[in-house]
There are 2 protein chains.
Amino acid sequence: MIVPVNSSNSTKERILGAAESLFAQRGFDGASLRQLTSAAGVNLAAVNYHFGSKEKLVEQIFRRRLDALNNSRLEALALVAGKENTTIEDVLAAFIRPALDLSHDESGSLFMRVLARAFAEHDDTLRQFLSENYGHVMRQFTAEFARLLPQLSKQELYWRIDLVSGALTHAMSGFGMIQRKSDVSETVHREQTAQHLIRFAVAGMSHP
Amino acid sequence: MIVPVNSSNSTKERILGAAESLFAQRGFDGASLRQLTSAAGVNLAAVNYHFGSKEKLVEQIFRRRLDALNNSRLEALALVAGKENTTIEDVLAAFIRPALDLSHDESGSLFMRVLARAFAEHDDTLRQFLSENYGHVMRQFTAEFARLLPQLSKQELYWRIDLVSGALTHAMSGFGMIQRKSDVSETVHREQTAQHLIRFAVAGMSHP
DNA sequence: CATCGGTTCAAACGATCGTTTGAGGATACG
DNA sequence: CGTATCCTCAAACGATCGTTTGAACCGATG
């Protein structure tokens with residue numbers, strides 16, 4: 001119980017890595033602990049030993065990534081919030097770019113698929129967990145949008161933010177038909193995605 | 001082998017009804033045939049007898065709804081496509097409203113959740129099936145958008161349509177935080193959804 | 001060396017899954 | 001009535017699931 005070191009080759013870390021990948025590919029129910037531990041090169045019982053249960057492992061996966069995403073978004077927002085010359089685009093970029101940056105490393109992009117699946121699965125306890133973690137973030141963004149778009153009612157504002165979130169989730173999880181061309185590097189493709197997404201969102205947020 | 005009658009109380013129809021509801025609530029893997037047949041009030045073996053397998057039942061569920069949705073969209077598009085005074089809003093309404101109308105009846109709205117889950121599950125055979133059924137529809141809509149937005153490149157057009165689809169999927173499956181207030185009727189709420197969604201999409205599609 | 005807490009391991013547990021089976025009911029036709 | 005054709009039913013099949021168990025291993029401590 002002494003060691004806080006996250007040796008990246010520990011059994012725990014190997015499980016988390018394999019879990020993120022397999023959950024994204026097959027979903028929480030679809031990925032079995034036997035596939036998972038086999039891919040991680042650890043014993044079947046290791047998951048229950050280190051995490052208590054499969055469900056708690058899922059929760060760990062979410063907490064790890066969502067904490068990072070939330071912090072990045074709030075940091076980016078803090079740089080522009082309340083400033084006089086801040087634009088809608090600045091705020092949207094603070095909201096969107098951390099999500100896209102998260103998908104920079106491979107396991108991060110897998111996580112976005114995990115997240116999209118979790119949304120789709122409509123699990124109530126998971127929704128509540130997300131709401132608790134995301135709630136204050138969304139409130140801060142909403143407040144800043146309200147400052148920049150004073151002509152919009154609260155209802156109208158909620159709607160537009162919600163629709164932007166939908167487009168973002170869709171684009172990030174690779175739902176759509178837009179696939180990266182083989183002659184475009186991953187970095188360039190992500191930047192193009194960000195550009196399209198932000199311009200689309202700016203138009204959707206700020207139309208009369 | 002004679003009877004094409006779809007008596008709505010037949011074993012087959014009862015299975016399809018219960019399946020749509022249960023798949024939406026628990027997903028394809030999450031809903032077992034025992035839960036399903038129990039809810040439908042039929043014997044466990046009835047699914048395999050009438051549909052061959054669980055997988056073929058899923059396919060039937062999709063075919064039934066997607067055929068109706070595709071036809072509605074194409075009919076609505078045909079009323080405005082190629083006309084001189086057609087607007088972006090007209091085309092978007094032809095795309096969006098049939099989807100919202102589908103969710104008019106209860107089982108229809110459940111189907112939209114089924115569809116959203118299917119997207120999230122990234123199943124390749126299912127994606128191919130959807131692509132085959134949706135392909136020509138999307139192509140016709142894309143062509144009409146291209147006519148009304150000649151200044152956009154093909155790439156740019158694909159991106160915007162994709163993002164609209166994301167927002168639509170998100171809004172329709174009830175992902176978001178926007179919930180119907182108790183003092184607003186279901187009909188009114190759906191009309192409000194349509195209005196918000198279409199105006200948002202018009203702005204996102206036609207911005208410079 | 002002996003001991004002990006933390007960790008890994010093979011094996012098994014009970015539950016649940018989709019599917020199959022074979023007997024029996026129901027209805028129509030000769 | 002006898003037979004043929006759907007259809008329904010209870011029961012069982014093998015597979016796979018998450019979890020538990022108890023022994024074995026291992027490095028640190030006395």
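Me: Let's say Ala, Val, Leu, Ile, Met, Phe, Trp, Tyr, Cys and Pro count as nonpolar, Asp, Glu, Lys and Arg as charged, and the others, Gly among them, as polar. How many residues of each class does the surface near DNA strand D have?

Reply: Heads-up: this is a predicted model, where local features need pLDDT of at least 70 and side-chain atom pairs count only at pLDDT 80 or more, while totals for chains, interfaces and linings use all residues. Residues are numbered from 1 along each chain as its sequence is written, chains are lettered from A and ligands numbered from 1 in the order in which they are written, and side-chain values use heavy atoms, leaving out hydrogens and water. A residue is near the strand if one of its heavy atoms lies within 4 Å of it. By class, that surface has 7 nonpolar, 6 polar and 3 charged residues.

Me: Which of the 16 residues around DNA strand D come nearest?

Reply: Both chains show up on that list, with B:Thr11 and B:His50 from chain B. Chain A adds the rest of the nearest set: A:Leu33, A:Arg34 and A:Lys54.

Me: What share of the atoms of DNA strand D within 4 Å of the protein is sugar and phosphate?

Reply: The cutoff here is 4 Å from the protein. Of the strand D atoms inside it, sugar and phosphate account for 51%.

Me: How many Å is a phosphate oxygen of DNA strand D from an N or O atom in the side chain of A:Lys54?

Reply: A polar contact is a pair of N or O atoms within 3.5 Å; within protein, one must be able to donate a hydrogen and the other to accept it, and residues adjacent in sequence count only if both atoms are side-chain atoms. The side chain of A:Arg34 goes for a base oxygen, at 2.7 Å, and a polar backbone atom of B:Asn43 has a phosphate oxygen 3.3 Å away. For the A:Lys54 side chain, the distance to a phosphate oxygen is 2.4 Å.

Me: Is B:Ser165 buried or exposed?

Reply: Buried means under 20% relative accessible area, exposed over 50%, partly exposed in between (1.4 Å probe, protein chains only). B:Ser165 touches A:His170 and B:Phe95, not counting residues up to four places away in sequence; touching means heavy atoms within 4.5 Å. Its relative accessible area is 15%, so B:Ser165 is buried.

Me: In which helix does B:Ser165 have its place?

Reply: Helices (H or I, at least four residues) and strands (E, at least two) are DSSP runs, numbered from the N terminus. The run that holds B:Ser165 covers residues 154-172 of chain B, and that's helix α8.
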